[in-house]
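Please open the model in a viewer with residue selection enabled. The tour below proceeds from one selection to the next.

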Amino acid sequence: MTMLLEVKNLSVNYGKAKALKDVSFSVAKGEVLALIGANGAGKTTIMKSISGLVRPAAGEMWYKGKPLSKLPPYERVRLGIAHIPEGRRVFSALSIQQNLEVGAYTQENKRQVGEQLEKMYATFPILKERRRQPAGTLSGGQQQMLAIARALMSAPELLLMDEPSLGLSPLVVQEVSHIIREIAQGGTSIILVEQNALLALTIAARGYVIEVGSIVLEGAAPELLNNESLKEAYFGV
C-alpha cells in the first residue's frame with residue numbers, strides 16, 4: 001500500500017497549552033481516514049497542521065515522500081492538498097462561480113479550469129442554477145456543497161474535510177455523505193474529521209480516536225464500530 005501522507009510525532013502548542021502530543025498516522029492513496037473525538041480533542045488542529053495554517057512545535061510530515069512541514073499553505077495546495085474548514089467559510093459577497101474560480105487559483109491552464117468548473121456544475125446542479133448568486137444567500141447545506149466544490153477545483157489528491165455534517169439537517173447530511181463517497185470512489189484520499197463518529201466510520205476504511213491531543217485508539221472502521229467503549233462514548237448506545 002502506497003502512503004500518500006505520513007505524520008510522525010506531531011505536537012502543537014497554543015501558548016502553554018498542548019493541543020497535540022506526539023500524534024502519528026498515515027493515509028494511503030485512495031483511502032478515506034476518519035479522525036473522531038470530542039469537541040476540543042485536537043482534530044481541527046491536525047487538519048490545520050497538514051494544510052499549513054498551524055505551525056507544529058515538533059514532529060514531521062511527508063507528502064508523497066517529500067517533507068511538508070516547511071512549505072507555506074499555497075505550496076501545499078499546489079502539491080495536491082485541499083482543506084475544507086469547519087464552518088464552510090465561503091466568501092459570502094462573491095458569487096458562487098467566483099468562489100469556485102478562487103478554488104482554482106493554483107491552476108494555470110484555463111482550459112482545465114473551465115473543464116473542472118463544468119465538472120463541479122454537473123456534480124452540484126444547484127450551484128449551476130444559482131452560479132450568479134452571492135454565496136451568502138445559500139442555505140447551510142448548499143454552502144457546504146459549495147465549499148466541497150471549491151476545494152475540488154484545485155484537483156486535489158488529498159482532501160481534508162473538517163466537520164462536513166455540522167449544522168445540517170439529517171436529509172442534507174445523507175446527501176453530503178453520498179458526495180463524500182463519490183469523491184473517494186474517484187480515487188481522492190480523504191481525511192474526515194467528524195463529531196458524528198457513526199457517520200465517519202461508515203464512510204471511512206480506517207479510523208483514529210483522538211482524546212486530549214493524543215491518539216488513544218486506531219483500527220479498521222468495522223472494528224471501531226463494534227468497539228463497546230466507543231459505542232457508549234460516541235454512538236449513544
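Begin with the contact between two helices, α6 and α7: select Gly141, Gln144, Met145, Ile148 and Leu152 in α6, which meet Val172, Glu175, Val176, Ile179 and Ile183 in α7. Contact here means heavy atoms within 4.5 Å. By class, this contact of α6 with α7 has 7 nonpolar, 2 polar and 1 charged residues. Ala, Val, Leu, Ile, Met, Phe, Trp, Tyr, Cys and Pro count as nonpolar, Asp, Glu, Lys and Arg as charged, and the others, Gly among them, as polar.

A note on the source: this is a predicted model, in which local features need pLDDT of at least 70 and side-chain atom pairs count only at pLDDT 80 or more, while totals for chains, interfaces and linings use all residues. Residues are numbered from 1 along each chain as its sequence is written, and side-chain values use heavy atoms, with hydrogens and water left out.

Next, display the whole of α6 (residues 140-152) and α7 (residues 170-185): their axes come within 10 Å and cross at roughly 10 degrees. That makes α6 roughly parallel to α7 (angles under 35 degrees count as roughly parallel, over 145 as roughly antiparallel, 65 to 115 as roughly perpendicular and the rest as oblique). Axes are lines fitted to C-alpha atoms, for helices over the stretch in contact, and angles run from 0 to 180 degrees between N-to-C directions. Helices (H or I, at least four residues) and strands (E, at least two) are DSSP runs, numbered from the N terminus.

Keep α6 selected and add α3 (residues 96-103), which packs against α6 at an angle of about 35 degrees, with the axes 7 Å apart. In this pair, Ile96, Asn99, Leu100 and Gly103 of α3 meet Leu146, Ala149 and Arg150 of α6. The classes in the contact of α3 with α6 are 4 nonpolar, 2 polar and 1 charged residues.

Move now to the open sheet of 4 strands, whose order is β2-β1-β4-β5, with antiparallel pairing; two strands pair if DSSP finds at least two bridges between them. The edge strands, β2 (17-28) and β5 (66-67), each pair on one side only. Select β1 (residues 3-14) and β4 as well: 5 bridges join these antiparallel strands. Leucine 5 stands opposite tyrosine 63 in β4. Then add helix α1 (residues 43-51), which lies across β1, β2 and β4 and runs at about 65 degrees to β2.

Finally, colour by pLDDT, the predictor's confidence in each residue, from 0 to 100. The protein has a mean of 89, and 98% of its residues reach 70 or more. Confidence is highest in strand β4 (residues 58-63), at 96, and lowest in helix α10 (residues 228-234), at a mean of 79.
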